[in-house]
Amino acid sequence: MNSDASIWNSLPVPAFIIDEQDRISDVNAAGEGFLNASRKSVIGHPVWDQIAVDAPLEEAFERARWQGTPLFVNDVDVGSGSRAPLQCALQIAPLVGHPGSMIMIISPRELAGRMTRGNTVKSAAQSAIGMAEMLAHEIKNPLAGITGAAQLLSMNIPPQDLELTDLIVAESRRIVKLLEQVEQFGNLQKPDFKPVNIHDVLDRARRSALLGFGADMTIIEDYDPSLPLAYGDPDQFLQVVLNLLKNASEAAGPQGGTIRLRTYFEHSFRLRRSDGSGHSLPLQIEIIDDGPGLPEDIRGDIFDPFVSGRENGTGLGLALVSKIISDHDGWISAESVPGRTVFELSLRRAPRDAIEDKKEST
């Protein structure tokens, strides 16, 4: 085994080798994932054509090269042609033994930031949902009485006043529907883990969306046909994808838009917990839409319960999605700018023994 190549591709952050003419001469596996492009397609191309840095970096980069000193740049937006910018830290240094060549490491802040507050958010969500469930149970009974009383009143009042009782009934039913969503969130069963063909799930969700809420949308499939089986509950995965497709369709409005369903394999993606344990999440699903984007003031909190960017939204849809993915030991993230919003799901691969058990049972 080539130990240098093994170490290079095991780095968990994007890393690039840049030659003396500022062209990419090598990129590791995490760098391919960051660019959403293969190593072969970017080698030989100017680095600043592939990586967009929201800072005047070229002069400092050149100075670091000829002085032979490292360069550190913190809290700068870094993107590429196929992804929205992320706040990152850059570490740049001369490559020992290769005059004029530089190594650049990109450390995205988004992943680290969400990981550090993950347990706090999860605990807060559980407390909020517990309180909401208790209130839901206590409120539904008097609401039923209010609805019944309004219906009785409507039988004995002048026609011009029926609008008032109709409003009481309609609003009471709307509140009951909201409370039922809260109860659904709290009563979500544990996943029934089994090997899952994620493309079957995506196809079911796509067909369902096009027949209903997404009738005005164009949904494009961009699948990696070699993707192995995922490990999880197919019904809960379907609920996740349907929720995300519904959000994208509602954001687009009656004029419609385009949703792209993309899958690919990223062998370097690992979820590591604060206790040092972790596991690989190589199966990647992206749901990309060309809508107006997430409201800027809630982008960092969209997976929290009761946070919504829509008028009369419950703020439970994305919280439910996040809870399901968390129950599957997976990862979900979102990037959004006007005209491009990407929700990315990272899932576990089905273990070999589970696949063998499935074959034996069929």
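# Exercises on a five-stranded sheet and its neighbours

Strands β14 and β15 run antiparallel and are joined by seven bridges. The model is a predicted one, in which local features need pLDDT of at least 70, side-chain atom pairs count only at pLDDT 80 or more, and totals for chains, interfaces and linings use all residues. Residues are numbered from 1 along each chain as its sequence is written, and side-chain values use heavy atoms, with hydrogens and water left out.

Helices (H or I, at least four residues) and strands (E, at least two) are DSSP runs, numbered from the N terminus. Let's get started!

## Exercise 1: Lay out the sheet

Find the strand order of the open sheet that holds β14 and β15, and name its edge strands.

*Solution.*
- Step 1. Begin with pairing: two strands pair if DSSP finds at least two bridges between them. Strands of a sheet pair through backbone hydrogen bonds, either parallel or antiparallel.
- Step 2. The open sheet has five strands in the order β8-β10-β13-β15-β14, and its pairing is mixed.
- Step 3. The edges are β8 (217-222) and β14, each of which pairs on one side only.
- Step 4. From one strand to the next, the twist averages 15°. Axes are lines fitted to C-alpha atoms, for helices over the stretch in contact, and angles run from 0 to 180 degrees between N-to-C directions.
- Step 5. To see one matched position, look at V337, which stands opposite R340 in β15.

## Exercise 2: Place the helices

Work out which strands α10 and α11 lie across.

*Solution.*
- Step 1. Contact here means heavy atoms within 4.5 Å.
- Step 2. Helix α10 (residues 234-252) lies across β8, β10, β13 (283-289) and β15, and runs at about 145° to β10.
- Step 3. Helix α11 lies across β14 and β15, running at about 145° to β14.
- Step 4. Now check burial, where buried means under 20% relative accessible area, exposed over 50%, and partly exposed in between (1.4 Å probe, protein chains only). In α11, the buried residues include L318, L320, V321 and I325.
- Step 5. Follow the chain just past α11, and you meet D329 with a positive phi of about 55°. D329 sits in the loop between α11 (317-327) and β14 (331-337), and its relative accessibility of 29% makes it partly exposed.

## Exercise 3: Compare a second positive phi

Locate D22 and decide whether it is buried or exposed.

*Solution.*
- Step 1. D22 belongs to the loop between β1 (15-18) and β2 (24-27).
- Step 2. The phi of D22 is near 60°, a positive value in a residue other than glycine.
- Step 3. D22 counts as buried because its relative accessibility is 18%.

## Exercise 4: Two polar residues in strands

Describe the surroundings of S346 and T263.

*Solution.*
- Step 1. S346 lies in strand β15 (residues 340-347) and is buried at 1% relative accessibility.
- Step 2. A polar contact is a pair of N or O atoms within 3.5 Å; within protein, one must be able to donate a hydrogen and the other to accept it, and residues adjacent in sequence count only if both atoms are side-chain atoms. One of 2.6 Å joins the side chains of S346 and Q284.
- Step 3. Leaving aside residues up to four places away in sequence, S346 touches several residues, among them F269, L281 and W331.
- Step 4. T263 is in strand β10 (residues 257-265) and is buried, with a relative accessible area of 3%.
- Step 5. A polar atom of the T263 side chain lies 2.9 Å from the backbone nitrogen of D224. With residues up to four places away in sequence not counted, the residues that T263 touches include H199, Y223 and Q284.

## Exercise 5: Explore the core

Identify the residues of the largest nonpolar core that touch the most other members.

*Solution.*
- Step 1. A nonpolar core is a set of buried Ala, Val, Leu, Ile, Met, Phe, Trp, Tyr and Cys residues joined through side-chain atoms within 4.5 Å.
- Step 2. The largest such core has 35 residues, of which L244, L245, I259 and F343 touch the most other members.
- Step 3. The elements that give two or more residues to this core are α9 (198-211), β8, α10, β10, β13, α11 and β15. Helix α10 gives the most, with eight residues.
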